[in-house]
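Here is a short, friendly tour of one protein model. Have the sequence and the 3D view open, and follow along residue by residue.

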Amino acid sequence: MTLPLQCYRCGAEYTYIGKSPHCAQCPACGSSCVPPAGSLTVVNSVHWESANGLAKVWVHSVDERDRPFEFEVAAHGRRGKLVAIKVDGVPINPQVDETLETLPPAVKAKIEAQGITDVDIATVTNSKA
């Protein structure tokens, strides 16, 4: 399997060739701020809701190399917006990598379980780390 990857910290593009999850480290700068290695597993989520229907959901997950990924969604009713993503504790700009144009299945399922079924990810405001 050949997997194109991009570092969220320095922007380096590189390719991983192999069957197991990639090594989760940028070969150019050594950062762990790279796409998930393998699939994500949700380990925790926090849901907050105000009396007027505004809500926030934080979904904490880990990849197959045990790196933490956090997704934050702000919502009103069933509609939400992805407002932040952190990789290994570092805020990243998901618009620098096409692999983050959709929510990972496990994360999406956890958000939908909170009643938020329509999540817009195009308006994330994180700045590049």
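## A walk through the model

Let's start in a loop: S31 sits in the stretch between β2 (13-17) and β3 (41-49). Keep in mind as you look around that this is a predicted model.

Is S31 buried or exposed? Its relative accessibility is 10%, so S31 counts as buried, the cut-off for that label being under 20%. Setting aside the residues within four places of it in sequence, S31 is in contact with C7, R9, A24, Q25 and C26. There is also a polar contact here: the S31 side chain comes to 2.9 Å from the backbone nitrogen of C33.

One of those contacts of S31, A24, deserves a look of its own. A24 belongs to the loop between β2 and β3. With a relative accessible area of 6%, A24 is buried. What is the phi of A24 near? The value is near 65°, which is positive even though the residue is not a glycine. As background, most residues other than glycine have a negative phi.

D88 is another case of this kind, with a positive phi of about 55° and no glycine in sight. You'll find D88 in the loop between β6 and β7 (90-91). D88 has a relative accessibility of 34%, so it counts as partly exposed.

### Charged pairs

How many salt bridges does the structure hold? There are three salt bridges. In general, side chains of opposite charge can pair when their charged atoms come close. Here are the pairs, with the N to O distance for each.

| Acidic residue | Basic residue | Closest N to O distance |
|---|---|---|
| E72 | K56 | 2.7 Å |
| D63 | R67 | 2.6 Å |
| D118 | R79 | 3.0 Å |

Take E72 and K56, which form a salt bridge. This pair links distant parts of the chain, with E72 in strand β5 (residues 68-76) and K56 in strand β4 (residues 54-62), 16 residues apart. E72 counts as buried because its relative accessibility is 14%, whereas K56 is partly exposed, with a relative accessible area of 27%.

Next come D63 and R67, joined by a salt bridge. Are these residues buried or exposed? Both D63 and R67 are buried.

Then there is the salt bridge between the side chains of D118 and R79. D118 lies in strand β8 (residues 118-120) and R79 in strand β6 (residues 79-87), so the pair ties together parts that are 39 residues apart in sequence. At 36% relative accessibility D118 counts as partly exposed, while R79, at 58%, counts as exposed. The cut-off for exposed is over 50%.

### Into the helix

Let's finish with I111. Where is I111 placed? Look in helix α1, which covers residues 105-113. I111 has a relative accessibility of 0%, so I111 counts as buried.

Which residues does I111 touch, leaving aside its neighbours within four places in sequence? The contacts of I111 are V57, V59, V73, L103, I116 and V119. If you'd like to trace one more distance, try V46: it is 65 residues from I111 along the chain, and the C-alpha atoms of the two are separated by 10.0 Å.

Terms used:
Residues are numbered from 1 along each chain as its sequence is written. This is a predicted model: local features need pLDDT of at least 70, side-chain atom pairs count only at pLDDT 80 or more; totals for chains, interfaces and linings use all residues. Side-chain values use heavy atoms; hydrogens and water are left out. Helices (H or I, at least four residues) and strands (E, at least two) are DSSP runs, numbered from the N terminus. Buried means under 20% relative accessible area, exposed over 50%, partly exposed in between (1.4 Å probe, protein chains only). Contact means heavy atoms within 4.5 Å. A polar contact is a pair of N or O atoms within 3.5 Å; within protein, one must be able to donate a hydrogen and the other to accept it, and residues adjacent in sequence count only if both atoms are side-chain atoms. A salt bridge is a side-chain nitrogen of Lys or Arg within 4 Å of a carboxyl oxygen of Asp or Glu.
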